[in-house]
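Hi everyone, thanks for coming. Please have a look at the structure on the screen, and we'll walk through it together.

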Amino acid sequence: MTDCLFCKIAAGEIPSNKLYEDEDLLAFYDIDPQAPVHFLVIPKRHIPSAAALTQEDQALLGKVFSTIARLCAELGVTEGGYRVVTNVGKDGGQSVPHLHFHVLAGRSLAWPPG
Ligand code: AMP
Ligand code: ZN
């Protein structure tokens with residue numbers, strides 16, 4: 001999608017602090033971190049949000065979560081724990097309309113969220 005911030009980051013047109021990349025996914029640090037570790041995992045393909053996912057995306061989602069597990073292990077935050085969040089739409093607090101998974105770690109995270 002031409003006018004999408006995260007498509008531009010996935011294409012390398014806008015720089016990011018990259019953590020991991022393969023043919024399907026990109027992981028990069030959030031520009032406004034809400035925890036000592038805060039990165040985003042996005043599919044390179046434009047998907048507006050989790051509300052647009054279909055059965056065809058099963059393999060992609062499996063890859064998203066296995067990648068998150070591996071990156072968190074590499075970052076040393078698995079034992080302490082972490083949170084994976086995807087915001088959907090206005091009430092969900094989504095500000096960038098390209099599917100992304102926040103991964104937050106490194107401090108105790110409150111529940112319920114605000
Ligand atoms: P959400 O509000 O769930 O849509 O999350 C969007 C996230 O993208 C926010 O946490 C922003 O801080 C983050 N963000 C926005 N622009 C950039 C950027 N250029 N590089 C990295 N993260 C960004
Ligand atoms: Zn996009």
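I'll start with the whole protein, then go to one strand in it, and finish with one arginine.

Before anything else, please keep in mind that this is a predicted model. The protein has three helices and five strands. If you follow the sequence from start to end, they come in the pattern α-β-β-β-α-β-α-β. The radius of gyration is 14 Å, close to the 13 Å that the globule rule gives for 114 residues, so the protein is as compact as a globular protein of that length. Its C-alpha trace spans about 40 × 30 × 30 Å along the principal axes.

What share of the 114 residues is buried? The value is 34%. As for contacts, take those with a separation of 6 or more: residues 24 or more positions apart account for 53% of them. The protein exposes about 6700 Å², and carbon and sulfur atoms supply 55% of that area.

Now let's zoom in on strand E3, residues 37-43. Seven of its seven residues are buried, so this strand is largely enclosed by the rest of the structure. For a residue to count as buried here, its relative accessible area has to be under 20%. A little background helps with the next step: in a regular strand the side chains alternate between the two faces of the sheet. Which residues of E3 sit on each side? On one side you find Val37, Phe39, Val41 and Pro43, and on the other His38, Leu40 and Ile42. Both faces are covered, as all of these residues are buried.

Who are the partners of E3? One is strand E2, residues 25-29, which pairs with E3 in the antiparallel sense over five bridges. There, Ala27 stands opposite Val41. Another is strand E5, residues 101-105, which is joined to E3 by five bridges and also runs antiparallel to it. In E5, Ala105 is the bridge partner of Val37.

That brings us to our arginine, Arg107, in the segment after E5. Is Arg107 buried, partly exposed or exposed? Arg107 is partly exposed, with a relative accessible area of 44%. Leaving aside neighbours within four places in sequence, Arg107 touches Gln34, Ala35 and Pro36. With Gln34 we can be more specific: the side chain of Arg107 reaches the backbone oxygen of Gln34 at 2.7 Å. Asn87 is another story, as 20 Å separates its C-alpha atom from that of Arg107, with the two positions 20 residues apart along the chain.

That's my tour, thanks for listening!

Notes:
Residues are numbered from 1 along each chain as its sequence is written. Chains are lettered from A and ligands numbered from 1 in the order in which they are written. This is a predicted model: local features need pLDDT of at least 70, side-chain atom pairs count only at pLDDT 80 or more; totals for chains, interfaces and linings use all residues. Side-chain values use heavy atoms; hydrogens and water are left out. Buried means under 20% relative accessible area, exposed over 50%, partly exposed in between (1.4 Å probe, protein chains only). Helices (H or I, at least four residues) and strands (E, at least two) are DSSP runs, numbered from the N terminus. Two strands pair if DSSP finds at least two bridges between them. Contact means heavy atoms within 4.5 Å. A polar contact is a pair of N or O atoms within 3.5 Å; within protein, one must be able to donate a hydrogen and the other to accept it, and residues adjacent in sequence count only if both atoms are side-chain atoms. The radius of gyration is taken over C-alpha atoms; the globule rule is 2.2 Å times the number of residues to the power 0.38. Accessible areas come from the Shrake-Rupley method with a 1.4 Å probe; for residues, only the protein chains shown count as cover.
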